[in-house]
Amino acid sequence: MSFIATVAAHIREFIASCDELMFNERDFQMKLAVSLLATGAYDDVEVEYFIPNSAAKAAGYEWSRTVRLFRISRYMKSWRLLTGAIYEKRRELLISMQFLMIVTFILSLILFYCEHDRQPEAYDNGFASVMWAFAQYIGDPGGFADTPPVSVPGKVIACIVGLLGIAIVAVPAGILGAGFTEAIEKENHKETIEENRRKLLKAFERKLDRPAAMQIVPFFRTLADIQSRFHITCDEMIETVESTPGFRLINLAATVTTDRMPHDRLAIEHFNINRSYGQMIDRGSAVTIVSPSSCIDPTIGIFSYYIAFIGGFNYISREIGEYAPYRSFYTVKQPLEEGQADYNADLEALMNRPGSWSFTILAASGAQEPEYPTQFHFGIGGGKGDESFDFESSVVADKQKYIEFFSDFTARLKEKFDLEADNGRYHSTASSILWSRKLAIPADSSNVVVRISWSTTLWDVRRIKIAAFIAEEINRVILGRDLPSSPELYRKDFGFTGYSPVSSISRHP
């Protein structure tokens, strides 16, 4: 195989195996260069913006064993900006040309009536005057304009046509100039957004959670904190969040009950995306952590994420959706929300395993909901106030295992954290459109709803330790095993970069 064919084959292999989203050409080139070098087939792989000069070749530059990647589009930036300007201003260009053509056509007909009697041979029909007018615009290459008008009105029209000849170039040029300026501004704006995105990602550098001794993605960063650290204005932050997948604006006041009169406190939350609705991770486990309201309930998604991560469970989360009117994926109601069909299909696939369990994590005791004496509110399909375990409408198939889990969980939760749990005391899970009743999942599956107060999942400094406790209890009682090892939880990085499976959003800044 020739050298060129070998390089082409390696590039095709890289493209086929790469499932990461590239934010720009440099990202692609750097990853391709690393991939080519890893094959061991090349002495050197460099990213270059120019072709080596003759002196380099004379010095013994060996093309046969070196691959250089060219940023051809670097030299084509002006062309891309120009074509972009033409595309953006195509309607204005078309309208201006149409207007000039119509005016020219009308003037040429008037010219015919003014000159026909004075020069009947030259202006024997309207087509001749039209040809004369349009010939002025292109320099009269065919000699059509050798018969200038002689009447006073004809000469006036000729002057107007002359001015239009200037306008027919000047007007489109002005439009294109404005479009070119806008294209440059948009290009600069995109670069600013990309730079701010990198700053935002740096703001979510994983930090040591001391109670759990793990490196954790921050649950949120306030706008004031990011502004002071990275010198980004609030408007720039909001615009970057709106333009960048994986970030959203949240109001921390929603996580505190209204009787405490919380003040609005804007912050940014970082999350992972690999599906049309948000995120799904299949770890091949019999347990799935479900977070159907991550996009509307601040930070409940990342708390659920770490339960699944620490415990080695499957994870599915709705991270994308409209805030108002809002409908949670906790229930299944027709017509389905955007992305819900994919969400339901993925959830069914995760649950379609013998003896599968799901734990749906929801937020409690925030905004209009009061604070309860207990912090964990379990539900298995009963009505509000029904604290029994054995009833016909239960969505838990293995009731004995659940009773064992709930009893052990409650006792150890009180012992380790001085927190309490209830089963069905304050919330109903009897809805007929609950996802565990509507989706096609096995009859032997067990589905538990857990509402946890924001004071526990967000404002308790032990929140990751609590998430690890939940993961440990599910593993020990439900699956009968110890917690799996997760080395990534002890590694510094930015956002979700480096976690397995690899995020399609987080990137090194």
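Begin by selecting Pro 335, which lies in the loop between strand 10 and helix 12 (340–351), helices (H or I, at least four residues) and strands (E, at least two) being DSSP runs numbered from the N terminus. The peptide bond that leads from Gln 334 into Pro 335 is cis, with omega near -5°.

This is a predicted model, in which local features need pLDDT of at least 70 and side-chain atom pairs count only at pLDDT 80 or more, while totals for chains, interfaces and linings use all residues. Residues are numbered from 1 along each chain as its sequence is written, and side-chain values use heavy atoms, with hydrogens and water left out.

From the loop, turn to the sheet that contains strand 10: an open sheet of seven strands in the order 8-10-9-11-14-12-13, with mixed pairing, where two strands pair if DSSP finds at least two bridges between them. Strand 8 (278–281) and strand 13 (421–423) stand at the edges, and each has a single partner strand, so one side of each is left without a neighbour in the sheet. On average, with direction ignored, neighbouring strands of this sheet are turned by 20° against each other.

Next, select strand 9 (residues 287–291) together with strand 10 (residues 314–318), which pair in the parallel sense over four bridges; here Thr 288 stands opposite Asn 314 in strand 10. Helix 16 (residues 463–479) packs on this sheet, touching strand 9, strand 11 (357–364), strand 12 (376–379) and strand 14 (446–453), where contact means heavy atoms within 4.5 Å. The direction of helix 16 makes about 145° with that of strand 9; axes are lines fitted to C-alpha atoms, for helices over the stretch in contact, and angles run from 0 to 180 degrees between N-to-C directions.

Before leaving this region, select Asp 418, in the loop between helix 13 (399–417) and strand 13. Its phi is near 55°, a positive value in a residue other than glycine, and Asp 418 is exposed, with a relative accessible area of 52% (buried means under 20% relative accessible area, exposed over 50%, partly exposed in between, with a 1.4 Å probe and protein chains only).

Now move to the open sheet formed by three strands in the order 5-7-6, with antiparallel pairing. Strand 5 and strand 7 (residues 266–270) pair over two bridges, and Thr 222 stands opposite Ala 267 in strand 7. Helix 8 (residues 152–203) packs on this sheet, touching strand 5, strand 6 and strand 7, and its direction makes about 60° with that of strand 6.

Finish at Met 261, in the loop between strand 6 and strand 7, where phi is near 45°, a positive value in a residue other than glycine.
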